[in-house]
Amino acid sequence: MRATTLQKAGPGKEGAHEEGLWAVAWLPGHSQLITGSVDETVKLWSAADDDLKCSHTYTGQALGVVSLDVDPSGRYAVSSSLDSTVRVFGLDDDKSVKHLIERQPTETWGTAFGTVTPDSTQLAVAGGSKGQAFVYKGSGEEPAQELALDLPQAEGSGHKERFVLCVAFSPDRQLLAAGAMDGSVAVWDLAAGGQLLHVGGLKGHHKPVRSLAFTPGELGLAGQCWGCSVVAAAARMHS
């Protein structure tokens, strides 16, 4: 597929969103992606004839969608919006909301899928101003909170703001990483009940960490910060 621009909607023009995009995620193994916008919608796009066509629009979010993730099967997506709600919804024939998590204002930001089975969904949520990362798991409309992991002050850091922006699971779902506004990154061992393995910066980070990703296979971790033009070098974590 060629590079395609999702145009802003305007008079007489069929476009992507009425406002700017804040989040994008690809569906694994599909020529499809989802986009989240300040206009309070999430859109599902399909590739066709070297173009992208909007096949569904999800509504219900408020104040702008700041984070999206898709589970490994490509059947479900999760969104986080500035109204402090997290929604898990279907991407196949059933596009209804499967799970809904509601928190206090500014206590949700980035989201990530953990282990997803037909009977249970595991999610991580960056806790924003709460200074924590939350892990949820369950099968009901509102999954139960399993863990609330504190992001401690990094040694030698002069920054005080613990606003947590992003979360990421390792490929085996045994580790969880979170990045914060002050440039610090924490990694916990979920198999050990949330034991803290690392807190501090990754080489190259000196500004808010807006996204994180583990590398496949080896437990390497890479991140991106505001104002950084390249992804920071990976750092290995050992339990």
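**Exercise 1. Work out whether Cys 166 and Cys 54 are buried or partly exposed, and how many disulfides there are.**

Start with Cys 166: its relative accessibility is 5%, and buried means under 20% relative accessible area, exposed over 50%, partly exposed in between (1.4 Å probe, protein chains only). So Cys 166 counts as buried. Next, Cys 54 comes out at 29%, so it is partly exposed. Finally, zero disulfides turn up in the structure, a disulfide being a pair of cysteine sulfur atoms within 2.5 Å.

Some housekeeping: this is a predicted model, where local features need pLDDT of at least 70 and side-chain atom pairs count only at pLDDT 80 or more, while totals for chains, interfaces and linings use all residues. Residues are numbered from 1 along each chain as its sequence is written, and side-chain values use heavy atoms, with hydrogens and water left out.

**Exercise 2. Find the strand order of the open four-stranded sheet and name its edge strands.**

First, the inventory: zero helices and 19 strands, taken as DSSP runs (helices H or I, at least four residues; strands E, at least two) numbered from the N terminus. The open sheet runs 5-6-7-8 with antiparallel pairing, where two strands pair if DSSP finds at least two bridges between them. Its edges are strand 5 (65-70) and strand 8 (97-102), each pairing on one side only.

Now zoom in on strand 7 (residues 85-90): five bridges join it to strand 8. Across that pairing, Val 86 stands opposite Ile 101 in strand 8.

**Exercise 3. State what percentage of the protein's residues count as buried.**

Take the 239 residues and apply the burial cut-off from Exercise 1: 48% count as buried.
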